[in-house]
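Below are some notes for a colleague, set out as numbered points. Please read them with the model open alongside.

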Amino acid sequence: MKYQSYIETPIKFDKKTGLGNCQTLALERRYSDMKSMYLDEETRKKKEEQENIVVYRFYDLGVPQKDSELSFGTSIVYPGKVGKEYHMTNGHFHTILNTAEIYYCQAGYGMMMMENPEGEVLYKEMRPGEVIYVPGRFAHRSINLSSTETLITFFTFRSDAGHDYGTIREKGFRKIVVDNNGNWEIKDNPRWK
Ligand code: MN
């Protein structure tokens, strides 16, 4: 029997980089991939023209998208800000809406921002060694609250959950997180539809 990489356990996750030894890059987002995601679109555009650096990356192990499987891997959000807003992921609902997800913070300091279609909002800080449970029905976005450290989280979710990025791209999240003299602050998103 030919074993696939993800069941050749144990998979070693490097404590510094957060990367598993047989992961592959699944997704990479630069400023140019985040149009209208930040409140200060003008600054985002400027940053796209000037440097267009990578804001975040996902690595996974190519687990088949079946309801019997669990996808897992690493999410990495690099430090920085666009205007007053911290670097973050675009965020998504799961296509099968009522499917949960686990995030385990390996390094850095961040926040998980969550909201469901009924308008309930949850937000949780993340520090190394802490686990965040994202309940089913909740869209989720990782935000890097550190100005210097990379936010590294390990995630796992039901493999067939799927990703609905479009809803957030159109509507945004109800709340945004901005820097206020070195502290984070939650604000209503004036662009939320
Ligand atoms: Mn997810």
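1. I begin with the hairpin, where strand β8 (residues 110-115) is joined by six bridges to strand β9 (residues 121-126), the two running antiparallel. Strands here are DSSP runs of E with at least two residues, helices are runs of H or I with at least four residues, and both are numbered from the N terminus; two strands are taken to pair if DSSP finds at least two bridges between them. Within this pairing Met 114 stands opposite Leu 122 of β9, and in the five residues between the strands of the hairpin Gly 119 takes a positive phi near 100°.

2. The basis of these remarks should be stated early: this is a predicted model, in which local features need pLDDT of at least 70 and side-chain atom pairs count only at pLDDT 80 or more, whereas totals for chains, interfaces and linings use all residues. Residues are numbered from 1 along each chain as its sequence is written.

3. β8 also pairs with strand β11 (residues 139-144), again in the antiparallel sense and over six bridges, and the bridge partner of Met 111 in β11 is Ile 143.

4. Six of the six residues of β8 are buried, so this strand is largely enclosed by the rest of the structure. A residue is called buried if 20 or more other C-beta atoms lie within 10 Å of its own, exposed if 12 or fewer do, and partly exposed in between, with C-beta atoms placed from the backbone. Gly 110, Met 112 and Met 114 point one way from β8, while Met 111, Met 113 and Glu 115 point the other way, and all are buried.

5. The largest nonpolar core (a set of buried Ala, Val, Leu, Ile, Met, Phe, Trp, Tyr and Cys residues joined through C-beta atoms within 7 Å) has 30 residues, and those with the most contacts inside it are Met 111, Met 112, Met 113 and Ile 143. At least two residues of this core are supplied by each of β2 (54-60), β3 (70-77), β7, β8, β10, β11, β12 (151-158) and β14 (175-180), and the largest share, four residues, comes from β8. Leaving aside neighbours within four places in sequence, Met 113 is in contact with Tyr 123, Arg 141, Ile 143, Phe 173, Lys 175 and Val 177, contact meaning that the C-beta atoms, placed from the backbone, lie within 7 Å.

6. An open sheet of six strands has the order β1-β2-β3-β12-β7-β10, with antiparallel pairing. Its edge strands, each pairing on one side only, are β1 (24-30) and β10 (131-134). Strand β7 (residues 101-107) pairs with β10 over four antiparallel bridges, and Glu 101 has Val 134 of β10 as its bridge partner.

7. Phe 155 is found in strand β12 and is partly exposed, with 19 other C-beta atoms within 10 Å. Not counting residues up to four places away in sequence, Phe 155 touches Phe 72, Gly 73, Ser 75, Glu 101, Ile 102 and Tyr 103. The C-alpha atoms of Phe 155 and Asp 60, 95 residues apart along the chain, are separated by 9.2 Å.

8. Is His 163, in strand β13 (residues 163-164), buried or exposed? His 163 is exposed, with 12 other C-beta atoms within 10 Å. Neighbours within four places in sequence aside, His 163 is in contact with His 92, His 94 and Thr 95.

Definitions and conventions: Two residues are in contact if their C-beta atoms, placed from the backbone, lie within 7 Å.
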